[in-house]
Amino acid sequence: MKKLLLLFILFFSTSVLFAQGLNQPSVFNNQCDTNNDGIETFNLLEISSEILAGLNSNDYVIMHYLTQADAANSANPLPNAYTNFTNPQSIFVRVVNTITSEVQYLTYVLHVNPLPMANPQTLTACDGNGDGFASFNLDSLIVGIIGNQPNTIVTFHETPMDAQVGINSLSSPYSNIIPFQQNLYFRVQNTMSGCYSVGTVNLLTSNCQQAGQPVNLSQCINNGQTCFDLASNDSNIMGSLNPSNYTISYHITQANAQIGFNALTSPYCTVNNSQVIYARLKNNADQTFQIFTFTVTSQTVSANVTILANMDQCDDNNDGAVIFNLTNIQAQINSSNTLAYYLNAQDATLEVNAITNSTAFSVGAQSTITNIFVREIVTNSCDTLYTFQVRAFANCNLASSCGLANSLCNALGVPFANSQNITINEVGASYGCLGSHPNPTWFYLPVSQAGNINLQIAQVSITGQPRDVDYIVYGPFSNPVTPCSGQLTTNMIVSCSYSAAAIEYPVIPNAQPGQFYLIMTTNFSNQPGFITITEAAGTQGAINCSGIRLNAFLDSNSNGNQDGGEQNFPLGEFHYELNNNGNVHNITSPVGVYNIYDLNAANSYDVSYTIDPSYAASYGISTSSYNNISVVLGAGMQTYNFPITVTQTYNDLAVTIIPLGQPRPGFTYENKIVYANLGNQIIASGTLTFNNDALVTITGNTQTGTTPTASGFTYNFTNLMPFEVRMMTVTMQVPTIPTVTIGNYLTNNASITPLAGDVVPSNNSSIATQMIVGAYDPNDKMESHGEQILFSSFSSNDYLYYTIRFENTGNASAINVRVNDVLDAKLDENSVKIINASHAYVMDRVVNNLTWRFDNIQLPAVSQNPAGGKGYVMFKVKLKPGFAVGDIIPNTASIYFDYNPAIITNTFNTEFVSQLAVDEFENGNFVFYPNPVNDIVTISLKNNANAISSIVVYDVIGKVIMTKKPANTMATETIDLSSATSGIYFLEVTTDNNLKVVKKLVVN
């Protein structure tokens, strides 16, 4: 239907504008960019022929010009073979009828279309019998190849010539014809421009026959006991092995599993809250076996959390607060059971800290989203958990009408959600070329600099597929509001398109400062998706964005202005409060700049900047706050400077270990080491030392030039500039079971020198303690000390180090990612400091609510880009005074990918204990005690057939402080650490059969 409307409109507009039968050129003004420079040569004679559209060329003289003035004056005509110098570029045409002397003008745009990207691809398939042949799903590559390239199609071919010509395309799935490794070729072509590129696909086969890992089981308590279907783990343990060749049995003790005695029957019922089960996988052919462990846990609440529809409300009275009646959710649950409401899953599970004002729950309009968890109390069964979001909006304007148009500044270059099921007819409006205008979104565009403004408007579905987008531009106007009342007439239309394209290129010619233009985009398909408006190449004019820019910088000449070469300052926080509403936003921006866009000149802001207390003594700030400031509409961004001056020189090196994955038996995992110069002087040289747990082996490092040591490596760096951050990623191999055991811990540590004159010595070393797991969730949270911290070793000046990891496991790129963390009441929110993040971010803290925004992150799906589909944020925070032995600090994060429901991470519990349990320091046959120690440590082997051959003690930076080699072959030895200073050490014990273990030891 849309194509019929389009043809009718084009015919009508052509007959009106070109009475002599002239045609608007559209075919020959597009070229493919052969060398990616945006410049090509156009045959203007072909375009002239298209303009005449069959008229007698002898009756007309057609000339092309760069400007409207040149066309009017018949000056500086363009050559027939014309090479553009901007892209896109507007061309003006003068047409003279030699018979009637009538002169007509028209304009068109030259487009040099980029070639689609064709990055090399690799596709791996399982080869079940080892013959090198497998079936490959070629279609699984299409989303990754297309990426953010709209209007593109992909075909696959066996030869590069077939791909170039576009013939003999392959169907999916495809079976390789060359064993083990074969190259295919794909052709990616833009359907609108016809431009194409050819890339390669490397097909690889892999042997996928291997055992898997069991998963922990949990069930609800029923009549005092819990029953488990142990056989449900059979397929998990079997992995890709042939079940006919193996036998699985389950046992209560490891000893029974070793000899295959007293196998459990399924279902297995128990009254214990939690119990370890040992699974025995026996090879029927050679009688060899493997032992796996998992836990069965009784629970009072269902493990599954049902997601309910969100509650959305607006701040209708503009008082900064939105009141929700949470009990309205009962209609969705459709149950008469008692409901209780909580702010996090942990509280709902433990039935603590219930929301008391559930019928009048208040949310600040600036908080936007709050997660609510509901516990349904069910008699004689597990209680049920639900979750939903209450979403408060300070401004409910969807900009679906002209009078409520948004400033383009808020959306320029940032994808915004389109609208659906909305049709609005503006009073007296002419919609020009648009046959229909469903689901509109309006923007106003103020101009600050004269010249043409070239834009690009693109629309994609929520899965990244191109979607038709239409637009119309009106102007110029003296303001963005008055035109909506009858001034949107035909003669005010400057650009319009109703084509079926997913990318459009509006051109606003000769825009002048002080003028306003109105843009309306539409969503013809009425399907959810995203529209992005960006400035295109060749723009000469400038858009005037109104708002407040907060800018912190090192003012080297103390003149209060940021001059050339003066860098922004990263060691502090911006703060702002709107209309004294009590919601103070504490903004961490690692680039030292933060923008606030606003459309309301009546809003009043109090803004300030504070320097990190660790460095405040070394810097001065001449202007630290501004009160009662407002945006100046139409005047662009008003910059408020916070000039920072150096009052004294200082050195501060910092190092942090960021876990990028959890250790699993038989697999590799990664630690990222981030080191930085947080001082204001160049560090000419220094050394980074990394000590890995003795049970793991380093298999890779992104940093070249490291020097291996007995316990890790060292790296000598040079010329680390002020505020410079460098990093490396270390890959380590975890041994298989039984060398390691699921539930045990691996500890790695890093340190950095020199330390002389370092003002914050606490950040010169870092320890990461991670539990060995059988399987892991890619979206998780952990704390670097592990789940238990010795109370006597932790002071009020020490930090907890949290890492939140996120991974896009969907089938399309995530455009925006948001991470939210509501800190426990025992944590001091004012002490939060960001250590590092994987992508550019802004962190907004309101009291104890932390929100990281990764806008326009374009995080790919890991199925197409395993390395690029992951991200993280790491921060540290102190505890409030008064924490004690027995305190447990829970922490959970919520991760949002675009507009999808939150992914709730695990809840990481940090417990403070008076003494670390002995089994924390066991490994196979070793036991260490006491821990912590004042003087004598006893090391004992459980198996008296073995003996201790050496004992080594070293500190956190890898320095050996004691070595002991027993003269006699004994299974028990002691060492005296009474001369060691208080702190954390590592104890390395080796037996006569070369079994080695390293564990953390605390000396009082």
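**Figure 1. K781 sits over the ring of Y802.** In this predicted model, the charged end of K781 lies over the face of Y802, 4.9 Å from the ring centre. A similar arrangement can be found at R664, which lies over the face of F667. Here the distance to the ring centre is 4.1 Å.

**Figure 2. Y675 and F717 form a tilted aromatic pair.** Welcome to one of the 26 aromatic pairs that the structure holds. The ring centres of Y675 and F717 are 5.4 Å apart, and their planes make an angle of 40°. Which strands do Y675 and F717 lie in? Y675 belongs to strand 46 (residues 668–677) and F717 to strand 50 (residues 712–720), so this pair ties together parts that are 42 residues apart in sequence. Are the two residues buried or exposed? Y675 has a relative accessibility of 1%, so Y675 counts as buried. F717 is buried too, with a relative accessible area of 1%.

**Figure 3. Ring pairs build a cluster of five named residues: F569, Y615, Y619, Y650 and F723.** To find this cluster, look for the rings of F569 and F723 together with those of Y615, Y619 and Y650. Ring pairs are what link them.

**Figure 4. Helix 2 spans residues 44–52 and has several buried residues.** Start at the N-terminal end, where N43 acts as a cap. A side-chain oxygen of N43 lies 3.0 Å from the backbone nitrogen of L45. Now follow the helix: which of its residues are buried? They are L44, I47, S48, E50, I51 and L52. The cover over these buried residues includes strand 2 (41–43), strand 3 (60–65) and strand 4 (81–83), along with strand 5 (89–97) and strand 6 (103–113). After helix 2 comes A53, which has a positive phi, near 50°.

**Figure 5. The whole chain puts the close-ups in context, with nine helices and 72 strands.** The C-alpha trace spans about 120 × 70 × 70 Å along its principal axes. How does the radius of gyration fit a compact globule? For 1004 residues, such a globule would have a value near 30 Å, and the chain has 34 Å, which agrees. Buried residues make up 48% of the chain. Among contacts with a separation of 6 or more, 70% join residues 24 or more positions apart. The chain exposes about 44600 Å², and carbon and sulfur atoms supply 51% of that area.

Definitions and conventions
Residues are numbered from 1 along each chain as its sequence is written. This is a predicted model: local features need pLDDT of at least 70, side-chain atom pairs count only at pLDDT 80 or more; totals for chains, interfaces and linings use all residues. Side-chain values use heavy atoms; hydrogens and water are left out. Rings of Phe, Tyr and Trp (its six-membered ring) pair if their centres lie within 6.5 Å; planes under 30 degrees apart count as stacked, over 60 as edge-to-face and the rest as tilted. Helices (H or I, at least four residues) and strands (E, at least two) are DSSP runs, numbered from the N terminus. Buried means under 20% relative accessible area, exposed over 50%, partly exposed in between (1.4 Å probe, protein chains only). A charge sits over a ring if NZ of Lys or CZ of Arg is within 6 Å of the ring centre and within 35 degrees of the ring normal. The radius of gyration is taken over C-alpha atoms; the globule rule is 2.2 Å times the number of residues to the power 0.38. Contact means heavy atoms within 4.5 Å. Accessible areas come from the Shrake-Rupley method with a 1.4 Å probe; for residues, only the protein chains shown count as cover. A polar contact is a pair of N or O atoms within 3.5 Å; within protein, one must be able to donate a hydrogen and the other to accept it, and residues adjacent in sequence count only if both atoms are side-chain atoms.
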